[in-house]
Amino acid sequence: MVQTLTVRDALGEIGLKVLVYAPAGAGKTTLAGTLPPPVLVLDFEGGILALMGKPDIAVCPVRSGDELLQAVKELQSDTTFRSVVFDGLSIFVKRRVQELRSKERVTWDEWQRLTAEIRTAILP
C-alpha cells in the first residue's frame with residue numbers, strides 16, 4: 001500500500017517554500033503576517049507597518065549583502081522561527097546593483113557576483 005500523509009504532516013516533514021511576487025501595495029507583507037508563528041521578517045525596505053501589533057513576528061533589518069549572509073548563516077543553526085520572510089528582496093537587489101555599478105551598466109562579472117550572493121543567501 002502507498003504510504004500517504006496529510007498535507008499538514010507532509011509540510012511538517014519537508015517545510016514549505018513560497019515565492020510571492022507582486023506590485024508594491026498588493027499585500028505581500030500582510031500575507032507574511034499570516035504565516036505560522038514565530039515569524040522572522042528579513043526586512044530589506046522598511047515596509048513592515050502592516051505587521052504592527054503582531055507579537056509573534058520579529059524583524060531583522062538587512063541593509064547590506066554582509067548583513068544578509070550573516071542572518072542566513074545564523075538561521076541555519078537557529079530553530080526559533082517556523083517561518084522566515086525575505087520582505088522587499090527586489091528592492092535590495094536593485095540597491096546592490098547600484099552599489100556594484102562601475103560604469104553606466106553592470107558588467108557581467110558584477111552581475112554574476114550579485115547572483116551568487118543572492119543564491120548563497122536564499123537557497124539554504
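User: In which loop is V20 found?

Analyst: V20 is found in the loop between α1 (7-14) and α2 (28-32); helices here are DSSP runs of H or I with at least four residues, strands are runs of E with at least two, and both are numbered from the N terminus. The model is predicted: local features need pLDDT of at least 70, side-chain atom pairs count only at pLDDT 80 or more, and totals for chains, interfaces and linings use all residues. Residues are numbered from 1 along each chain as its sequence is written, and side-chain values use heavy atoms, with hydrogens and water left out.

User: Why is V20 called partly exposed?

Analyst: Its relative accessibility is 40%. Buried means under 20% relative accessible area and exposed means over 50% (1.4 Å probe, protein chains only), with partly exposed in between. V20 therefore counts as partly exposed.

User: Which residues form a nonpolar patch on the surface?

Analyst: V18, V20 and L31 form the patch, with about 260 Å² of accessible area together. Such a patch requires over 30% relative accessible area, no salt bridge (Lys or Arg side-chain nitrogen within 4 Å of an Asp or Glu carboxyl oxygen), and nonpolar side chains joined within 5 Å.

User: How do you know that β1 and β3 pair?

Analyst: Five bridges join β1 (residues 39-43) to β3, and the two strands run parallel. Pairing requires at least two DSSP bridges, so the criterion is met. V41 stands opposite V85 in β3.

User: What makes β2 and β3 edge strands?

Analyst: The open sheet has three strands in the order β2-β1-β3, with parallel pairing. Both β2 (57-61) and β3 (83-87) pair on one side only.

User: Why is the aromatic pair F44 and F86 called stacked?

Analyst: The centres are 6.3 Å apart and the planes differ by 10 degrees. Rings of Phe, Tyr and Trp (its six-membered ring) pair if their centres lie within 6.5 Å; planes under 30 degrees apart count as stacked, over 60 as edge-to-face and the rest as tilted. The pair is therefore stacked. F44 lies in the loop between β1 and β2 and F86 in strand β3, so the pair ties together parts 42 residues apart in sequence. F44 is buried at 0% relative accessible area, whereas F86, at 26%, is partly exposed.

User: What makes the pair F44 and F92 tilted?

Analyst: This pair has 4.9 Å centre to centre and 50 degrees between the planes, which means that neither the stacked nor the edge-to-face range applies. F92 lies in helix α4 (residues 89-100), 48 residues from F44, and is buried at 0% relative accessibility. F44, F86 and F92 form one aromatic cluster.

Technical notes
Patches are made of residues with over 30% relative accessible area and no salt bridge: like charges are joined within 9 Å, nonpolar side chains (Val, Leu, Ile, Met, Phe, Trp, Tyr) within 5 Å. Accessible areas come from the Shrake-Rupley method with a 1.4 Å probe; for residues, only the protein chains shown count as cover.
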